[in-house]
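Colleague: I am new to reading models like this one. Could you take me through it and tell me how each label is earned?

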Amino acid sequence: MSPRARMLAGFIAANTIIAIVAVLVLLNRPAAPPLIQGVLLPDGRELAEFSLLDHHNRSFTNSDLSGRWHLVSYGFTTCPDICPTTLSQLSVVAAALEQQGAGDDLRVLFYTVDHRRDTVGQMASYVPFFHPDFVGLTHVDEAENPHLPFEQSLGIVAQLVPVANADPALNEYQVNHGVTLFLINPDGKLQAIFEPDRSAAGVHSFDPDKVLRDYLAIRGYLG
């Protein structure tokens, strides 16, 4: 073979290898993460060890998150608008999953930020009203505050504000809290944070279709 022919053969072989490598890179490139209304944490975030009570007065810890997707909403049972509206919207999401035969894939948790009023009994009479499979979470006062790691790991924002000029003996206060949903994966890690829509009047609410779409998109992306 002449030097020119060898050079040409080497050139063709090199370009063939480059083309094969490029194809393999394209084929093995991970899919782009879905665009959701909120924040997706592709690797998930570990939750610190916590201990709560569910509305059946049973202990609820990190191990209870294992093996199933969970969607966490938070607020308080005497909330006049946002909390019941959000739970009603999540009941629509649950119904849609049930129609798809995937009702067991996702469990909704409602965590109270007003545990002194929202006792186990109060949660038991409130949460199942929206859906029989929803789980209410509260806690009792303990020196170790084992509920705090749950709040802090998720980034739950809430504040109890004393009512001005109220009788101190009545311990009256208002509850202020954020409006987000937290998606926890079957490994018990925080996978995504869903943000609500905001109307022109400043009202926050969740569109069940968007929540369902984003949840399924994340499931599909993570396989």
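**Labels and the values behind them**

Modeller: Gladly. This is a predicted model. Start with helix H2, residues 82-99, which has 18 residues. From its first C-alpha to its last it reaches 26 Å. That is close to the 26 Å expected at 1.5 Å a residue.

Colleague: Which residues of H2 are buried?

Modeller: Cys83, Pro84, Thr86, Leu87, Gln89, Leu90, Ser91, Val93, Ala94 and Leu97 are. Each is called buried because its relative accessible area is under 20%. There is a general point about spacing too. Residues three or four places apart in an α-helix point the same way, because a turn takes 3.6 residues.

Colleague: What follows H2?

Modeller: Gly101, with a positive phi near 75 degrees.

Colleague: Where do positive phi values turn up in residues that are not glycine?

Modeller: Asn57 is one of them, with phi near 65 degrees. Asn57 sits in the loop between strand S2 (51-54) and strand S3 (59-61). Asn145 also has a positive phi, about 50 degrees. Its loop runs between strand S6 (135-138) and helix H4 (148-154).

Colleague: Why is Asn57 called exposed?

Modeller: Its relative accessible area is 51%. Exposed means over 50%, so Asn57 earns the label.

Colleague: And why is Asn145 called partly exposed?

Modeller: Asn145 has 30% relative accessibility. Buried needs under 20% and exposed needs over 50%, so Asn145 falls in between.

Colleague: What makes the largest cavity a cavity?

Modeller: A cavity is space where a 1.4 Å probe fits but cannot get out. The largest one holds about 80 Å³. By this rule there are three cavities of 30 Å³ or more.

Colleague: Which element gives the most to the lining of the largest cavity?

Modeller: H2 does, with four residues. H2 and strand S5 (106-112) each supply at least two. Val93, Ala94, Leu97 and Glu98 are among the lining residues. So are Arg68, His131, Asp133 and Phe134. By class, the lining has six nonpolar, two polar and four charged residues.

Colleague: What makes the largest pocket a pocket and not a cavity?

Modeller: A pocket is an open set of points, whereas the probe in a cavity cannot get out. The largest pocket holds about 170 Å³. It is lined by 13 residues, and Val113, Asp114, His115, Glu151 and Leu160 lie nearest its centre. S5 and strand S7 (158-162) are the elements that give two or more residues to this lining. S7 gives the most, with three. By class, the pocket lining has five nonpolar, five polar and three charged residues.

Colleague: Why is Arg213 called partly exposed?

Modeller: Arg213 is in helix H5, residues 208-222. Its relative accessibility is 45%, and partly exposed runs from 20% to 50%, so the label fits. Arg213 and Gln37 are 176 residues apart along the chain, yet their C-alpha atoms are separated by 9.9 Å.

Colleague: Why does Asp187 count as exposed?

Modeller: Asp187 lies in the loop between strand S9 (181-184) and strand S10 (190-194). At 64% it is over the 50% cut-off, so it counts as exposed. Asp187 and Asn62 are 125 residues apart along the chain, and 9.4 Å separates their C-alpha atoms.

Colleague: How do you know that Asn176 touches Val157?

Modeller: Contact means heavy atoms within 4.5 Å, so a C-alpha separation of 8.4 Å does not settle it. The contact list does: Asn176 touches Val157, Ala158, Gln159 and Val161, not counting residues up to four places away in sequence. Asn176 itself is in strand S8, residues 173-177.

Colleague: How confident is the predictor in the protein?

Modeller: The mean pLDDT is 87, and 84% of the residues reach 70 or more. Over residues 17-29, however, pLDDT is below 50. Beyond near neighbours in sequence, that stretch has zero contacts in the model. Where pLDDT is low, predicted coordinates should not be read in detail.

Colleague: And how many helices and strands does the protein have?

Modeller: Five helices and 12 strands. Of its 223 residues, 39% count as buried.

Key: Residues numbered from 1 in each chain as written. Predicted model: local features only at pLDDT ≥ 70, side-chain atom pairs only at ≥ 80, totals over all residues. Heavy atoms only, no water. Expected span 1.5 Å × (residues − 1). Buried < 20%, exposed > 50% of the residue type's maximum accessible area, 1.4 Å probe, protein only. 1 Å grid on protein atoms, 1.4 Å probe; cavity = no way out; pocket = protein on both sides within 12 Å on 5 of 7 lines; lining within 4 Å. Points joined across faces, edges and corners; volume = space filled by probe spheres on them. Nonpolar A, V, L, I, M, F, W, Y, C, P; charged D, E, K, R; others polar. pLDDT = per-residue confidence, 0-100.
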